[in-house]
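Here are a few notes on the empty space in this one. Have the model open while you read, since the points go from lining to lining.

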Amino acid sequence: MSKGNVRRSLFLEKNRSIKEQEKPNQGFLSRHFKKIYPLSLQKSTSSLSLSSLSLSLSQNSNDSSLKDYITPLDRQIALSLRLIAPPERREVPVAIPNVQKQPSSEVGNGEVKRCNWITKNSDKVYVEFHDECWGVPVYEDNQLFELLAMSGMLMDYNWTEILRRKELLRDAFSGFDSNAVAQMGEKEITETASNKALMLAESRVRCIVDNAKCMQKVVRQFGSFSSYIWGFVNHKPMIIRCRYPKSVPLRTPKSEAISRDLIKRGFRLVGPVIVYSFMQAAGMTNDHLIHCYRYRECLSLAQTQYMDAVPDINIDLLY
């Protein structure tokens, strides 16, 4: 063999030995890990646990390197590692229901909440009217006539001034029996108007007498004034859920319709505002503020005490 061939053989053997020394000393599983996720597996005293490795693979399962498999064996290894990886815990927010609290009707020291226009300075008769009458459904003709007459007096006085003279008014107008009031003559009208305790002008007395005559016509047509007036609200109290006094209306489309019909029938002092005050007092509408203790009581009265007159009211739907 020539010297050139010997030198070439020695050179090739040297290169092969160098390449074999440069090959990484990795096992079969390590080579597949490199393809799945770029983790460097080095010989050290602290070994990498399988669980932490699997968690890393699971958290990075969207890595593009998982899509490039050389053999089916690579794919099987990757799927196996996914199966043994612990599932990622995700915190699911708990929906808290939006529960609306019903406004309480009690205050400290055992007192009850009333509508805001009832204050510590309110007259006793006005507080009693609020607690016992206002908003309570009324179906008796004489009581309805009384409330209609007193509502007309609001043109000149407030409720407190009118309620203080309630008993005097009942005596002067025969308990507000429309039949008796309709028969009052000139002498009785003059005497009633001259009664200084009543503080009623003659025009106001004549107005009440004329309204009594109109009521008799309504009774002849509808059987009772109650049937006529309650028919405008389908014999059910209207429920107005007001939280603040400014939300309580002075007049409504319903009171305007009733006013027009009453005027058409000859009634006087029955404008929309007066009619709505009458509706509030007669319980045709429940305008107690929702935090007032009388709000729910008037709802209950509309269902229980007056069940025959309002048979189809559902108090559960009114809350």
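1. Start with helix 6 (141–152) and helix 11 (202–222): each of them supplies at least two residues of the lining of the largest cavity. Bear in mind throughout that this is a predicted model.

2. If you want to pick out that lining residue by residue, select F145, L148, A149, G152, M153, L200, R204, C207, I208, N211, R268 and L269. Sorted by class, the lining of the largest cavity comes to 8 nonpolar, 2 polar and 2 charged residues.

3. As for volume, the largest cavity has about 110 Å³. The structure holds 3 cavities of 30 Å³ or more.

4. Now the open space. The largest pocket takes in about 320 Å³. Two elements, helix 5 (124–132) and helix 14 (272–281), give two or more residues each to the lining of this pocket. Helix 14 has the largest share of that lining, with 4 residues.

5. Which residues lie nearest the centre of the largest pocket? They are W134, W159, V248, S277 and Q280, out of 15 lining residues. I'd put these five up as sticks before looking at the rest of the lining.

6. One last thing, on the character of the pocket wall: the lining of the largest pocket has 12 nonpolar and 3 polar residues, and no charged ones. Set that beside the largest cavity, where 2 charged residues are part of the lining.

Notes. Residues numbered from 1 in each chain as written. Predicted model: local features only at pLDDT ≥ 70, side-chain atom pairs only at ≥ 80, totals over all residues. Heavy atoms only, no water. 1 Å grid on protein atoms, 1.4 Å probe; cavity = no way out; pocket = protein on both sides within 12 Å on 5 of 7 lines; lining within 4 Å. Points joined across faces, edges and corners; volume = space filled by probe spheres on them. Nonpolar A, V, L, I, M, F, W, Y, C, P; charged D, E, K, R; others polar.
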